[in-house]
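Open the model in your viewer and keep the sequence panel beside it. The stops below say what to select and what is there.

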Amino acid sequence: LRFFHGALCWKIYDKVDGMAAMARKCRRMEGFLNNYAFGVRYEVYRLHKDEPGFNLRATDLRPPPPNANLDDLTRGATFCLCPSGTGWGMRAFHAVALGCIPVIIQDDGSGSYPSVLQAFEGPLLDWASLAVRLTFADIPRLPSLLRALAADHEALAAKRRALVAALPRLLWREALATEERRALDAMPDAFDSVMEVLAGRRNATR
């Protein structure tokens, strides 16, 4: 049902033993990284690490999660947690590319800052249609929220169709193999999307 693989807190390569040590690590002051991932990763793991159907793999806890093909785990999950990291976070792209519905929680719960914008959000892509957009306050109810959506087959199918429609705009045509470039055909890719957004900004300032 739900998949996440990654570090819970900064510094990501600083591995600790047990949740008490992890809590201390997550409270450490790290300058501009004090709010790494807005605390979302730690809070989701703390509350839901033992939830049936949730595969939450914390790489900065010892012992580490067992080796696995992460692409296969992503493809096999219905939902993939996509918190921010030191920036907007790359997991949303990976989830879309592998057909997993992104669960985007990228706010600190204080209301002081807006949720982090995703690629081409607003001008070109409606992330609400292809992802599950939640807030920090929703984390305690995460299992029930996702199970309710998973049970709504029509809504789930709509999000999967939106994933397929959005994917070309997140791919760089020139980085793809020949066959994959052909599959894109004339659909706008990430480069085209950047140029469209820039043209829109230029026209708006005239």
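**Stop one: helix α9**

Select A190, S193 and V197, which are the buried residues to look at in α9. They lie on the same side of the helix, because the arc they cover around the axis is only 60°. In an α-helix, residues three or four places apart point the same way, because there are 3.6 residues a turn.

Now show the whole of α9, residues 190–204. From first C-alpha to last, this 15-residue helix reaches 21 Å, close to the 21 Å expected at 1.5 Å a residue. Add D189, which caps the N-terminal end of α9. One of the side-chain oxygens of D189 lies 3.2 Å from the backbone nitrogen of F191.

**Step back: the whole chain**

Zoom out to the full model, which is predicted. Colour by secondary structure to see nine helices and seven strands. Along the principal axes, the C-alpha atoms fill a box of roughly 50 × 40 × 35 Å. The radius of gyration is 18 Å, which agrees with the value near 17 Å for a compact globule of 206 residues.

A surface view shows about 11300 Å² exposed, with 57% of that supplied by carbon and sulfur atoms. Buried residues account for 40% of the 206. Of the contacts with a separation of 6 or more, 62% are between residues 24 or more positions apart.

**Stop two: helix α2 and the loop before it**

Select residues 40–48, helix α2. How many of its nine residues are buried? Seven are, so the helix is mostly covered, with buried meaning under 20% relative accessible area. The buried ones are V40, R41, Y42, E43, V44, Y45 and H48.

Next pick A37, in the loop between α1 (18–27) and α2. A37 has a relative accessibility of 0% and counts as buried. Its phi is near 55°, a positive value in a residue other than glycine.

**Stop three: a positive phi in another loop**

Move to D185, in the loop between α8 and α9. Is D185 buried or exposed? D185 counts as exposed, at 62% relative accessibility. Phi of D185 is also positive, near 55°. Most residues other than glycine have a negative phi.

**Stop four: two cis peptide bonds**

Select W10 and K11, which are joined by a cis peptide bond with omega of about 5°. K11 is in the loop between β1 (2–6) and β2 (16–17). Then select R62 and P63, where the peptide bond is cis with omega near -5°. P63 sits in the loop between β4 (61–62) and α3. Most peptide bonds are trans.

**Stop five: T78**

Go to T78, in the loop between α3 (70–76) and β5 (79–83). T78 has a relative accessible area of 18% and is buried. Which residues is T78 in contact with, leaving aside neighbours within four places in sequence? They are L1, C100, I101, L156 and R160.

**Stop six: L167**

Finish at L167, in the loop between α7 (153–166) and α8 (178–184). Its relative accessibility is 21%, so L167 counts as partly exposed. Not counting residues up to four places away in sequence, L167 touches V96 and A97. Add L125, 42 residues from L167 along the chain. The C-alpha atoms of L167 and L125 are separated by 10.0 Å.

How values were computed. Residues are numbered from 1 along each chain as its sequence is written. This is a predicted model: local features need pLDDT of at least 70, side-chain atom pairs count only at pLDDT 80 or more; totals for chains, interfaces and linings use all residues. Side-chain values use heavy atoms; hydrogens and water are left out. Helices (H or I, at least four residues) and strands (E, at least two) are DSSP runs, numbered from the N terminus. The expected span of a helix is 1.5 Å times one less than its number of residues. Buried means under 20% relative accessible area, exposed over 50%, partly exposed in between (1.4 Å probe, protein chains only). The arc is that of the directions from the helix axis to the C-beta atoms. A polar contact is a pair of N or O atoms within 3.5 Å; within protein, one must be able to donate a hydrogen and the other to accept it, and residues adjacent in sequence count only if both atoms are side-chain atoms. The radius of gyration is taken over C-alpha atoms; the globule rule is 2.2 Å times the number of residues to the power 0.38. Contact means heavy atoms within 4.5 Å. Accessible areas come from the Shrake-Rupley method with a 1.4 Å probe; for residues, only the protein chains shown count as cover.
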